Amino acid sequence: MKTVECIELTKQYGKTKAINNLSFTLSENKITGLIGRNGAGKTTLLKMIAGYLRHSSGEIQVFGVNPFNSLKVSANTIFIDNGMSFSNMLTLLELLESAKRFYPNWNHDLALKLFDYFSFSPNLSHVNLSKGMKSTFNMIIGLAARCPLTIFDEPTSGMDAGTRKDFYRALLKDYIAEPRTIILSSHLIDEVEDILEEVLLIKNGEKLLHTPVEELKEFAIGIRGKTEALKEWMEKIEPIYIQEIGANISYAVIKNDRSLIELENAKAIGLEVVPVPTEDICTYLTSKTKGGIDHVFS
Ligand SMILES: Nc1ncnc2c1ncn2[C@@H]1O[C@H](COP(=O)(O)OP(=O)(O)OP(=O)(O)O)[C@@H](O)[C@H]1O
């Protein structure tokens, strides 16, 4: 069953198209990574899915209805970001207690265990937490709520490396125990790729790719070698990224759709065919130019 369906979805702020003609479907009970650079439109898209923002044109359906101001969507969705604020009149423990009333699937045992594991002081209030601790507390709310649609917008911002790892592990374990539709936005795919089932990669509000993670890993290959030989071999191939990396040595990233014979020809003229890490594939695909930051200095 589809949880989210967008057809030619567009969101404009004045003249800026934050989301531009985006079409995709998210099926039930999957973990999807929404990946894009700063300003790609991740938060705007997630807020439309959660029903906080009205779209400008196209169509969006969540649980089969337009999410904007929908009771059905708000009752089944939790949106976690680092802008969440809570009452200062309540302690952290009281906030967990009060969450029980809001979320019908709330797992209080899980909330208390995570609260204890991350060594929160029960009597503190949310406003007194550090940035990373706020993100960690918000994450506990997001997991324990066990909403059918759980949205995390940049959930690990401010968390240290160990806490980030713990968060992703907790997310995966709880998802296995209680499958639901989870959308996780991030700039970085490397730390989330192991838990994602599929990736929606966006740039300037447009869809670049929506694919299972396993296919993204195989999406591109790197070709390295003498600049002249590389240029000649690539004559008819459009690179995703190309850069001179040393004296007369260049490196290109291309779509992984070349025949075995073509790759053998490359090797025969001294070029090396190398795998490209998933993180780099996303970086190159979302880069402003095919030569990256070096372009500015050339
Ligand atoms: N309220 C607003 N008014 C005008 N423009 C906005 C508004 N909110 C976002 N934008 C613009 O929409 C585009 C997408 O912004 P958005 O916050 O959705 O991106 P993002 O991918 O979440 O970015 P980041 O990773 O930096 O948080 C940007 O160009 C941004 O400047």
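## Ground rules

Two strands are said to pair if DSSP finds at least two bridges between them. The strands and helices themselves are DSSP runs, numbered from the N terminus, with at least four residues for a helix (H or I) and at least two for a strand (E). What you have in front of you is a predicted model, in which local features need pLDDT of at least 70 and side-chain atom pairs count only at pLDDT 80 or more, while totals for chains, interfaces and linings use all residues. Residues are numbered from 1 along each chain as its sequence is written.

## The four-stranded sheet

With that in hand, let us start with an open sheet of four strands, whose order is 11-12-10-13 and whose pairing is antiparallel. Strand 11 (241–246) and strand 13 (272–275) stand at its edges with a single partner strand each, so one side of each has no neighbour in the sheet. From one strand to the next, the twist averages 25°; axes here are lines fitted to C-alpha atoms, for helices over the stretch in contact, and angles run from 0 to 180 degrees between N-to-C directions.

Strand 10 (residues 220–226) and strand 12 (residues 249–255) run antiparallel and are joined by seven bridges. If you want a pair to look for, Gly225 stands opposite Ser250 in strand 12.

## The three-stranded sheet

Another open sheet has three strands in the order 2-1-4, again with antiparallel pairing. Its edges are strand 2 (16–27) and strand 4 (57–62); each has a single partner strand, so one side of each is left without a neighbour in the sheet. Direction ignored, neighbouring strands of this sheet are turned by 20° against each other on average.

Five bridges link strand 1 (residues 2–13) with strand 4 in the antiparallel sense. Here Glu5 stands opposite Gln61 in strand 4.

## Around the ligand

The shell around the ligand consists of Tyr13, Thr16, Ala18, Gly36, Asn38, Gly39, Ala40, Gly41, Lys42, Thr43 and Thr44, where a residue is near a molecule or strand if its C-beta atom, placed from the backbone, lies within 6 Å of it. Strand 2 and helix 1 (42–50) each supply at least two residues of this shell, and helix 1 gives the largest share, three residues.

By class, the shell has three nonpolar, seven polar and one charged residues. Ala, Val, Leu, Ile, Met, Phe, Trp, Tyr, Cys and Pro count as nonpolar, Asp, Glu, Lys and Arg as charged, and the others, Gly among them, as polar.

## Two helices side by side

The axes of helix 5 (residues 131–144) and helix 6 (residues 161–177) come within 11 Å and cross at roughly 5°. That makes helix 5 roughly parallel to helix 6, a term for angles under 35 degrees, with over 145 counting as roughly antiparallel, 65 to 115 as roughly perpendicular and the rest as oblique.

From helix 5, Gly132, Thr136, Met139 and Leu143 meet Thr163, Phe167, Ala170, Leu171 and Asp174 in helix 6; residues are in contact if their C-beta atoms, placed from the backbone, lie within 7 Å. This contact has five nonpolar, three polar and one charged residues.

## Two domains

The domain assignment gives domain 1 (2–216) and domain 2 (218–297), with bounds that come from an automatic or database domain assignment. Their centres, taken over C-alpha atoms, are separated by 35 Å. Twelve residues of domain 1 are in contact with eight residues of domain 2.

Definitions and conventions
Two residues are in contact if their C-beta atoms, placed from the backbone, lie within 7 Å.
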